[in-house]
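The following paragraphs lead through the elements of a single model, beginning with one residue and its surroundings. Please keep the sequence and the coordinates at hand while reading.

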Amino acid sequence: MTTYIVTQVATYLSPALLYMYGKWLLSPEFVNKLFFRGSILGITLMTTLILRSYGRAINPKYQAFYNDLLSAKLDYSTDNKKKLHSYDFDFSAWPIDFSWTPAEEKSYKSNLISNNFKMSLKLLSSPSRLIGFIALHTFGISLIYPGSTSLLFYLMDQNLQKGRRALITSFGGVRYKLKTIDGNFVDSMFIDKRHSNINSLNPKLIICTEGNAGFYEAGIMSSAIETHHSVLGWNHPGFGYSTGVPYIEQEQNAAETVIEFAIKHLKFSPKSIILYGWSIGGFASTYLAKKFPDVHAVILDATFDDLAPLAIPRMPGFAEKLVDFTVKEFTNLNVAENLVQYPGPVLLIRRSSDEIIALDPQNVATNRANYLLELLLERRFPKLFSNESRSALWVWLSTSGEQQKQVHLQYDVDLNNQSKLFPSSNKNYPLNLGDGWKDQEKIKMLLYLADYYMKDYNSTHCTPLPTRYLGFII
């Protein structure tokens, strides 16, 4: 890993090195020094690898592990799998626990060839599209998903190992390797609580999707575990030991593989699955909600409506149009577009001091979760929206905590009375709720629904979420 990181750093710094050394870099004297020192480094590296191999060969514990690994690869039975799960080793050697059928993979690859050809024609026909594509596939994806960078993984590796060990030893977690339909491998962790006494009559599975720099080993699984329901965590493509790069299609394929694994291998019905996404993880969660509309519920914590409004202010002003075009064309993480197509229960958690998804951390009205809520409510209850009711909704969205209660008093909103008028069991959206109502009645119901669908948490973006918030919907 250290060698890999040094190589990556040297590659990124190579233009600067060329600039600094100029012609001297290519001088015979420098080349000779480079060759000599490189040879010494190579010999040292080979010597350490030989010594490590010898040390492992005479280590009885390593020999036992190696025999268990070979047995599992030859016959991945329940007993061999159980033995293998008592070790933590390089994920590339881990046997595959779940994969798509050969027929499904073949069909996907045939469609991929056609799609790649169409994409090539589109790129060649538009210089701006080509520039945007190159920008995204060089540095852009690392800005959107910094957790996929080698440097962050290198810095986090020891903590991730500790977190993974804790999930296994303290909570009975089982690690699984999932193969996506496009050939990537997803590192996942499953904690089974179906046989515990607490929720045995109504067991649920919470599928946790992390943020753009989060890992299941040290992320939102901790909040989900405390609900005493089963939990399934996974790492985005390129995060931790998951392979690939978190381009939008690979992200969607990975997420779909995770839920298919939960349904087909772990034997959870969609109606017992809760999709829990934090920050940018809200995209994968809502994508699955759109694809599997029968899931029990969706929980979105510190999530935005659309990536473009957040990406544009963080880039140079002269590149605004290019950034907007590139995001919408190649990485359209439009959470709202997915969410409004899901008919089931939704809980949005807004961080009132969020410094990431609020354009101005000091102004809660700029938090993009507000726009996500507005779009969801308007899709489900279009008859409740008028100029006056929308204005009242934004008065409420522009406040937090006790101030929101004052807004309820201002508009004479009684949450208990409004709950009696709300047909919560009806999922045939959009509803005609509010048709023919006066503006004051629309305002009361809209403010009730805003409070029903979204809960405020007075914290910054990365503070662990207290489990009590999940209790609003589970």
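V340 is in contact (heavy atoms within 4.5 Å) with L375, L376 and R379, when residues up to four places away in sequence are not counted. The residue belongs to the loop between α13 (335-339) and β7 (346-351); helices (H or I, at least four residues) and strands (E, at least two) are DSSP runs, numbered from the N terminus. V340 counts as partly exposed because its relative accessibility is 22%; buried means under 20% relative accessible area, exposed over 50%, and partly exposed in between, with a 1.4 Å probe and protein chains only. K290 is 50 residues away from V340 along the chain, and the two C-alpha atoms are separated by 8.4 Å.

The model is predicted, with local features requiring pLDDT of at least 70 and side-chain atom pairs counting only at pLDDT 80 or more, while totals for chains, interfaces and linings use all residues. Residues are numbered from 1 along each chain as its sequence is written, and side-chain values use heavy atoms, with hydrogens and water left out.

Strand β7 leads to an open sheet of eight strands, in the order β1-β2-β4-β3-β5-β6-β7-β8 and with mixed pairing. Two strands pair if DSSP finds at least two bridges between them. The edges are formed by β1 and β8 (454-457), each of which has a single partner strand, so one side of each lacks a neighbour in the sheet. On average, neighbouring strands of this sheet are turned by 20° against each other, direction ignored.

At one edge, β1 (residues 174-179) pairs with β2 in the antiparallel sense over six bridges, and Y176 stands opposite S188 in β2. Five residues lie between the strands of this hairpin, where G183 takes a positive phi near 95°. β2 also runs antiparallel to β4 (residues 230-234), joined by four bridges; M189 has G233 in β4 as its bridge partner. Six of the seven residues of β2 (residues 185-191) are buried, so the strand is largely enclosed by the rest of the structure.

At the other edge, β7 and β8 pair in the parallel sense over four bridges, with R350 opposite D456 in β8. Helix α18 (residues 439-453) lies across β7 and β8 and runs at about 60° to β8; axes are lines fitted to C-alpha atoms, for helices over the stretch in contact, and angles run from 0 to 180 degrees between N-to-C directions. The 15 residues of α18 reach 21 Å from first C-alpha to last, close to the 21 Å expected at 1.5 Å a residue, where the expected span is 1.5 Å times one less than the number of residues. Among the buried residues of α18 are I443, L446 and Y453. The buried residues of this helix pack against β7, α14 (368-380), α15 (387-397), α16 (402-410), α17 (415-421) and β8.

Elsewhere, helices α6 (residues 127-144) and α12 (residues 320-330) pack at about 75°, with their axes 9 Å apart. This makes α6 roughly perpendicular to α12, a class covering angles of 65 to 115 degrees, with under 35 roughly parallel, over 145 roughly antiparallel and the rest oblique. S128, R129, I131, G132, F133 and L136 of α6 meet L322, F325, T326, E329 and F330 of α12 in this contact.
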